[in-house]
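Student: I am new to this model and would like to learn how to read it. Could you take me through it feature by feature?

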Amino acid sequence: MVRSAFSGIRYPLQFILVVYLMMYIWLSAFTGLYGHLAAIVCNQPVLSYVPQAYGFCNDSVQTPPSVPLNFTQSAEAQEQLGMVFRKAGEGANLAFQIKSNQHAVRDLAMRVRLSELENREAITQQLGQIISTSKPLVRKLSKFSAKVNTVRNTVIARDNYALKTLSSIQELRRSPLINVLTLIDPFGLLLSRTVLAADEAELRRSFVQTVESIVESIPNLVKNAEGLLQDLDILEEAHNAIADLTQHSKKANDLSAQQRDILTRLWDSLTGEDANSPLLKDLTEYYEQARDVVDVVMVTLRNVQDNMEEFRDVHKKQVFVDSGTPLEVHMGEIRRAVDSLNQQMSTLDRRQT
């Protein structure tokens with residue numbers, strides 16, 4: 001009875017299999033022939049305008065070549081972003097130190113105003129410029145660090161989501177059902193409707209979004225860093241102006257040549273006290289360190305921007321998950337990026353304690 005039942009469905013199964021194979025063979029031949037003819041016709045200047053009007057050449061002309069997801073370059077950009085985060089954190093710490101020492105400049109300005117220096121009014125004006133510029137500088141340094149930290153947290157969240165998706169893809173690729181579909185579905189018509197295909201599409205989308213979040217955040221960070229540089233330029237100009245105004249003053253120059261800081265020299269020449277000398281000396285060093293921090297941040301951000309904008313544009317068009325590269329390699333690159341971002345946080349915490 002079983003044999004007769006099997007005989008009853010054997011011929012329909014054979015018919016379905018034959019039709020299935022013929023459809024695949026026909027589809028393969030048609031796809032290859034269409035692409036070959038399109039390449040010939042659309043590359044002829046005299047003939048190409050006619051088929052273009054009917055959309056015949058659109059795919060061959062406008063479809064960009066596929067590129068694999070490049071997790072390595074993305075990870076390198078994230079490592080540079082981690083360095084920016086650490087430097088921005090150092091800037092926020094400097095902001096706290098600057099704020100703590102600002103009262104020394106106010107005390108100095110009062111002493112200059114009551115002094116008998118020839119250029120006391122001009123010097124007082126420059127000291128007022130330092131005071132008025134330092135206050136927003138402190139706020140900007142703190143806000144800049146917070147903005148970089150927000151970008152960092154967003155990237156880490158997207159990386160963790162990509163790792164989760166890659167783990168799901170890894171498990172699905174080991175599924176017996178997927179292996180069977182790969183054998184009987186060489187053109188991917190059935191595979192394109194599976195959970196594996198959905199996860200791969202989600203990974204591509206997540207990857208592009210991660211790159212975009214980096215690229216789109218950089219112009220705003222660069223703008224903020226440029227604002228910090230402008231404030232630091234004003235402070236440097238004020239220090240130089242005070243140095244010029246006091247260089248002809250006998251009283252202001254009656255000091256040790258080893259004292260490099262003009263504010264400290266000016267305070268000592270007026271009071272002879274040491275109360276604010278260390279604070280003023282440290283404050284000048286904080287300004288210099290802040291400039292070094294912002295300079296490094298600017299160079300790094302522009303380097304990332306130059307590299308990642310073209311990278312983003314290429315990967316937004318058409319990307320695929322490279323089946324020739326083990327998923328463990330991609331996952332390792334993402335974990336390296338996350339570890340680097342977290343390590344910069346740990347390094348910054350150790351420096352602040």
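**Reading the model step by step**

Tutor: Let's begin with a single residue: T284 is buried, because its relative accessible area is 11%, and buried means under 20%. Keep in mind that this is a predicted model.

Student: Where is T284 placed?

Tutor: T284 belongs to helix α10, which covers residues 277-317.

Student: Which residues is T284 in contact with, leaving aside its neighbours within four places in sequence?

Tutor: With those neighbours set aside, T284 is in contact with H239, D261 and L263.

Student: Now the whole chain, please. How many helices and strands are there?

Tutor: The chain has 11 helices and 2 strands. Following the sequence, you meet them in the pattern α-α-α-β-α-α-α-α-α-α-α-β-α.

Student: What share of the residues is buried?

Tutor: Of the 353 residues in the chain, 40% are buried. As for the surface, the chain exposes about 20,400 Å², and carbon and sulfur atoms supply 56% of that area.

Student: How do I read contacts across the sequence?

Tutor: Look at how far apart the partners are along the chain. Taking contacts between residues at least 6 apart in sequence, 81% join residues at least 24 apart.

Student: How many residues does the largest nonpolar core have?

Tutor: The largest nonpolar core has 68 residues, and those with the most contacts inside it are L108, L127, I130 and F144. At least two residues of this core come from each of α4 (71-113), α5 (120-173), α7 (195-246), α9 (262-271), α10 and α11 (327-352).

Student: What does L127 touch, not counting residues up to four places away in sequence?

Tutor: On that count, L127 touches V105, L108, A109, V112, I242 and L263.

Student: Let's turn to charged side chains. What is the general idea?

Tutor: Side chains of opposite charge can pair when their charged atoms come close. In this structure there are 9 salt bridges.

Student: Which residue forms a salt bridge with E90?

Tutor: The partner of E90 is K87, with the closest N and O atoms 3.7 Å apart. About one helical turn separates E90 and K87, because they are 3 residues apart in helix α4. Both E90 and K87 are buried.

Student: And which residue pairs with E226 in a salt bridge?

Tutor: E226 pairs with R302, and their closest N and O atoms are 2.9 Å apart. This pair links distant parts of the chain, since E226 is in helix α7 and R302 in helix α10, 76 residues apart.

Student: How accessible are E226 and R302?

Tutor: E226 has a relative accessible area of 32%, so E226 is partly exposed. R302 is at 38% relative accessibility, so R302 counts as partly exposed.

Student: Where do the side chains of E236 and R291 meet?

Tutor: They meet in a salt bridge, at 3.6 Å from N to O. Here too, distant parts of the chain are linked: E236 lies in helix α7 and R291 in helix α10, 55 residues apart. E236 counts as partly exposed because its relative accessibility is 40%. Elsewhere, E79, E333 and R336 are joined into one network by salt bridges that share partners.

Student: Finally, the rings. How many aromatic pairs does the structure hold?

Tutor: The count of aromatic pairs is 0. For a charge and a ring, look at R152, which lies over the face of F85 at 4.9 Å from the ring centre.

Key. Residues are numbered from 1 along each chain as its sequence is written. This is a predicted model: local features need pLDDT of at least 70, side-chain atom pairs count only at pLDDT 80 or more; totals for chains, interfaces and linings use all residues. Side-chain values use heavy atoms; hydrogens and water are left out. Helices (H or I, at least four residues) and strands (E, at least two) are DSSP runs, numbered from the N terminus. Buried means under 20% relative accessible area, exposed over 50%, partly exposed in between (1.4 Å probe, protein chains only). Contact means heavy atoms within 4.5 Å. Accessible areas come from the Shrake-Rupley method with a 1.4 Å probe; for residues, only the protein chains shown count as cover. A nonpolar core is a set of buried Ala, Val, Leu, Ile, Met, Phe, Trp, Tyr and Cys residues joined through side-chain atoms within 4.5 Å. A salt bridge is a side-chain nitrogen of Lys or Arg within 4 Å of a carboxyl oxygen of Asp or Glu. Rings of Phe, Tyr and Trp (its six-membered ring) pair if their centres lie within 6.5 Å; planes under 30 degrees apart count as stacked, over 60 as edge-to-face and the rest as tilted. A charge sits over a ring if NZ of Lys or CZ of Arg is within 6 Å of the ring centre and within 35 degrees of the ring normal.
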